[in-house]
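Welcome, and take a moment to turn the model around before reading on. The paragraphs below are meant as a friendly walk through it.

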Amino acid sequence: MPWMIYGANGYTGELIAREAAKRGLRPILAGRNEARIQALAGELNLPSRAFGLQDDTALFEGLQDVDLVLNCAGPFSQTAEPMMFACIQNKTHYLDITGEISVFELAQELSSKARKAKIVLCPGVGFDVIPTDCVAARLKETLPDATHLTLGFDSRSGLSSGTAKTTVEAMKMGGRVREDGEIKAVGLGYKTREINFGNGTKFAVTIPWGDVSTAFHSTGIRNVEVYIPSSAKSVRMMRAANLARPILGLGLVQGILKSQAGKVEGPNEEQRGKMPAYVWGEARNEAGQTVVARVKTANGYSLTVTGSLAVASYILMEKNIPGGAYTPSKLMGSDFVERLDGSGKIQISDV
């Protein structure tokens, strides 16, 4: 079936394209930079297209004969919305590798339109947010009456230029948590605690990770926080940065910071092989009963490659998936992360 990797010339998009070609798959490679797309497609002997997302006609024509798009072009705050609407119009399944809360919420808002078009909208089919979403779903299965969910991960993957640009955009927004079912804006460095992610206890801080959206839609648990390891010094800097957020949001400042972010290079294959990720979650009910889940996975970028290709292959092969917005665990099951190369089993324990 005809399918497309959009943003195939980016760091993660290229990793996915190369693995797809290695598996004998033949996605159409697409993006805005015609020269770079054609060069990669020529090397991998794959078809290619070049079009931007601001021209509605070009976007519509670019997707007309495509059954599924895997969007790898970030920041997704700029690319997801036009691509989702075009996919609904063309009845093309939509996937991406975002971790941006606004994109997940947009997909849920468009769920009824996707249902009518009989297509799947499933953002977050990479490290953002497959492993944490599967952990959330498994905890819900273990403790069905949970009212509070806390998730976290320890990943030394480094940043690609696209991830770095997304981080720059997020700085001006501050933090996010979910309280009593609603997404709440909070300051950077909002909360800290000690967490054993699976490789020793570490000081950790809240971040506005995609699970603030997706975990709620996957589990119905109305209170969600997400943590990563940090240092006390870094938390102090984050909290001080809250005072500068109005300045960080200025177009000129964003442009300068994104220009610097564009120079960042992601980890090479050898580095990725030496940097596994540790994912943790904790669910609690009103009675105070608490359960913990942990899983060790491959490097975040490596998991994004195998995870996104697994979801794309599943949708293309399964013809009767009801249309609508999905999270990874809702589409693929809570054991999905366990089926990916480099991942172990989700281990559950009581506290």
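What follows is a tour of a predicted model, going from a strand to a helix, then to aromatic rings and charged pairs.

Let us begin with strand β7, which covers residues 146-155. Eight of its 10 residues are buried, so β7 is largely enclosed by the rest of the structure. Which strands pair with β7? One partner is strand β13, made of residues 277-285, and the two pair in the antiparallel sense over nine bridges. Another is β12, which runs parallel to β7 and is joined to it by five bridges. A good place to look at both pairings is Thr150. This residue stands opposite Glu282 in β13, and it also stands opposite Glu225 in β12. Please keep Glu225 in mind, as it will come back later in the tour.

From the strand we move to helix α7, which spans residues 130-142 and contains Thr132. Is Thr132 buried or exposed? Its relative accessible area is 2%, and since anything under 20% counts as buried, Thr132 is buried. What does the side chain of Thr132 reach? It makes a polar contact with the side chain of Asp211, at 2.8 Å. If we set aside the neighbours within four places in sequence, the residues in contact with Thr132 are Leu151, Gly152, Phe153, Trp209, Asp211 and Val279. Two of those names turn up again among the rings, where Phe153 and Trp209 form one aromatic cluster together with Phe127.

That brings us to the aromatic side chains, where the count comes to five pairs. One of them is formed by Tyr11 and Tyr301, an edge-to-face pair with 5.0 Å from centre to centre and 85° between the planes. Tyr11 belongs to helix α1 (residues 11-22) and Tyr301 to helix α14 (residues 300-317), so this pair ties together parts that are 290 residues apart in sequence. The two rings sit in unlike surroundings: Tyr11 is partly exposed at 22% relative accessibility, whereas Tyr301 is buried at 7%.

A further pair consists of Phe197 and Trp280. Their ring centres are 6.3 Å apart and their planes stand at 70°, so this pair is edge-to-face. Phe197 is found in the loop between β10 and β11 (201-206), while Trp280 is in strand β13, so the pair ties together parts that are 83 residues apart in sequence. Phe197 is buried, with a relative accessible area of 1%, and Trp280 is buried as well, at 3% relative accessibility. If you follow β13 from Trp280, you are on the strand that pairs with β7 over nine bridges.

The last stop is the charged side chains. Side chains of opposite charge can pair when their charged atoms come close. How many salt bridges does the structure hold? There are 14 of them, and a few are worth visiting one by one.

Start with Glu105 and Arg178, whose closest N and O atoms are 3.6 Å apart. This salt bridge links distant parts of the chain, with Glu105 in helix α5 (residues 101-109) and Arg178 in strand β8 (residues 175-179), 73 residues apart. Glu105 is partly exposed, with a relative accessible area of 22%, but Arg178 is buried, at 4%.

Now return to Glu225, the residue that stands opposite Thr150. Its side chain meets that of Lys191 in a salt bridge, at 2.7 Å from N to O. Here too the partners come from distant parts of the chain: Glu225 lies in strand β12 (residues 223-229), and Lys191 lies in the loop between β9 (182-186) and β10 (192-196), 34 residues apart. Glu225 counts as buried, with a relative accessible area of 15%, while Lys191 is partly exposed at 32%.

Another salt bridge joins Lys184 to Glu179, with 3.4 Å between the closest N and O atoms. In this case Lys184 is partly exposed at 34% relative accessible area, and Glu179 is partly exposed at 31%. To finish, look for Glu14, Arg18 and Glu43, which are linked in a network of salt bridges.

Note on methods
Residues are numbered from 1 along each chain as its sequence is written. This is a predicted model: local features need pLDDT of at least 70, side-chain atom pairs count only at pLDDT 80 or more; totals for chains, interfaces and linings use all residues. Side-chain values use heavy atoms; hydrogens and water are left out. A salt bridge is a side-chain nitrogen of Lys or Arg within 4 Å of a carboxyl oxygen of Asp or Glu. Helices (H or I, at least four residues) and strands (E, at least two) are DSSP runs, numbered from the N terminus. Buried means under 20% relative accessible area, exposed over 50%, partly exposed in between (1.4 Å probe, protein chains only). Two strands pair if DSSP finds at least two bridges between them. A polar contact is a pair of N or O atoms within 3.5 Å; within protein, one must be able to donate a hydrogen and the other to accept it, and residues adjacent in sequence count only if both atoms are side-chain atoms. Contact means heavy atoms within 4.5 Å. Rings of Phe, Tyr and Trp (its six-membered ring) pair if their centres lie within 6.5 Å; planes under 30 degrees apart count as stacked, over 60 as edge-to-face and the rest as tilted.
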